[in-house]
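Got your viewer ready? Let's take a walk through this structure together, one selection at a time.

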Amino acid sequence: MIPALLIWLFKKYLAPVLKDKHISPLTFIAPLKKVATLLALLYFSSGLIAQEQIVKYNVLHSGKIVGHMDLYQKREGDDLSLKMISQVKMRFIMSIQVDIHEESVFQKGKLISSSICRKVNGKEKASRQTKACGDCYQTLNDGKSGQLGQKQISQNLMLLYCREPDNNAQIYCDNFQQFLQIKQVSPHVYRIDLPDGNYNFYSYTNGVCSKVDIHHSLYTIQIQLA
């Protein structure tokens, strides 16, 4: 489409001018075709350029906004990169600020790597990494290495923010570095019980996570779509 258009424009407008000046149009045809082909390649490859989407959430405690969370989704073909950055400020006996940075990389539906870093009042309290390595996964938990005898992880907790899961699906929890079962409790609402006795509810609207209710032994907070 683009090469044909450029050549037509050349013949329509530029060729007569060159003819008047006794310059052969053939001098420009070959370079013009090369330029047109390059432009066409750039045009059609633009559909393959990575697309990034940002989804913003508010964090609430007792009905008041106490923090924010941003989810970055970057898709490039069959590859998906996720990044989640959250900051929460709450006051119990003392003021507490929690900063969490999470990342996950999927290639053709397989988790390649994930990481979690959690800081409380500026001090690192948790650091977790999971990385695909051959037919298994290598893990790192606050400096301690481990291994998961799993060939492929196709879903983790971060993906729950991007799409509604299947009932009774096994979800990889990057924080606890183990698989958890998700159970549907009502239409478009799912529950996950965590190994530490806490639990979360994930609610969906039009296939997108619109709210997460986090039930901790010390508090309850909501993450709501902004």
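The tour below goes from the whole chain to its core, then to its pocket and its cavity.

**Stop 1: the whole chain**

Start with everything in cartoon view, and keep in mind that this is a predicted model. The chain has 226 residues, and its secondary structure comes to two helices and 14 strands. Now switch on the surface: the accessible area is about 14100 Å², and carbon and sulfur atoms account for 55% of that area. Buried residues make up 33% of the chain. If you like to look at contacts, take those with a separation of 6 or more: 34% of them join residues 24 or more positions apart.

**Stop 2: the nonpolar core**

Hide the surface and select Tyr57, Leu71, Leu160, Tyr161, Ile192 and Tyr202. These are the residues with the most contacts inside the largest nonpolar core, which has 37 residues. Which strand gives the most to this core? Color residues 79-91 to see the answer: this is β3, which contributes five residues.

Next, zoom in on Ile192. Leaving aside residues up to four places away in sequence, which residues does Ile192 touch? Its partners are Leu157, Leu160, Leu180, Gln181, Ile182, Asn198, Tyr199, Asn200 and Tyr202. Two of these names, Leu160 and Tyr202, were also in your core selection.

**Stop 3: the largest pocket**

Select Ile100, Arg118, Asn175, Ile214 and Tyr219. Among the 35 residues that line the largest pocket, these lie nearest its centre. The volume of this pocket is about 1200 Å³.

Now color the strands around the pocket. At least two lining residues come from each of β3, β4 (95-107), β5 (110-120), β12 (199-205), β13 (208-215) and β14 (220-225). You have met β3 already in the core, and β3 also gives the most to the pocket lining, with five residues. Coloring the lining by residue type gives 24 nonpolar, six polar and five charged residues.

**Stop 4: the cavity**

How many cavities of 30 Å³ or more does a search of the whole structure find? There is one. To find the largest cavity, select Gln155, Asn156, Leu159, Leu160, Arg163 and Pro165, which line it. About 30 Å³ of space lies inside this cavity. Its lining divides into three nonpolar residues, two polar and one charged. Leu160 is a name to recognize here: Leu160 lines the cavity, touches Ile192 and is listed among the residues with the most contacts inside the core.

Note on methods:
Residues are numbered from 1 along each chain as its sequence is written. This is a predicted model: local features need pLDDT of at least 70, side-chain atom pairs count only at pLDDT 80 or more; totals for chains, interfaces and linings use all residues. Side-chain values use heavy atoms; hydrogens and water are left out. A nonpolar core is a set of buried Ala, Val, Leu, Ile, Met, Phe, Trp, Tyr and Cys residues joined through side-chain atoms within 4.5 Å. Buried means under 20% relative accessible area, exposed over 50%, partly exposed in between (1.4 Å probe, protein chains only). Helices (H or I, at least four residues) and strands (E, at least two) are DSSP runs, numbered from the N terminus. Contact means heavy atoms within 4.5 Å. Accessible areas come from the Shrake-Rupley method with a 1.4 Å probe; for residues, only the protein chains shown count as cover. On a 1 Å grid over the protein atoms alone, a cavity is a set of points where a 1.4 Å probe fits but cannot get out, and a pocket is an open set with protein on both sides within 12 Å along at least five of seven lines; lining residues have an atom within 4 Å of a point. Grid points are joined across faces, edges and corners, and a volume is the space filled by probe spheres set on the points. Ala, Val, Leu, Ile, Met, Phe, Trp, Tyr, Cys and Pro count as nonpolar, Asp, Glu, Lys and Arg as charged, and the others, Gly among them, as polar.
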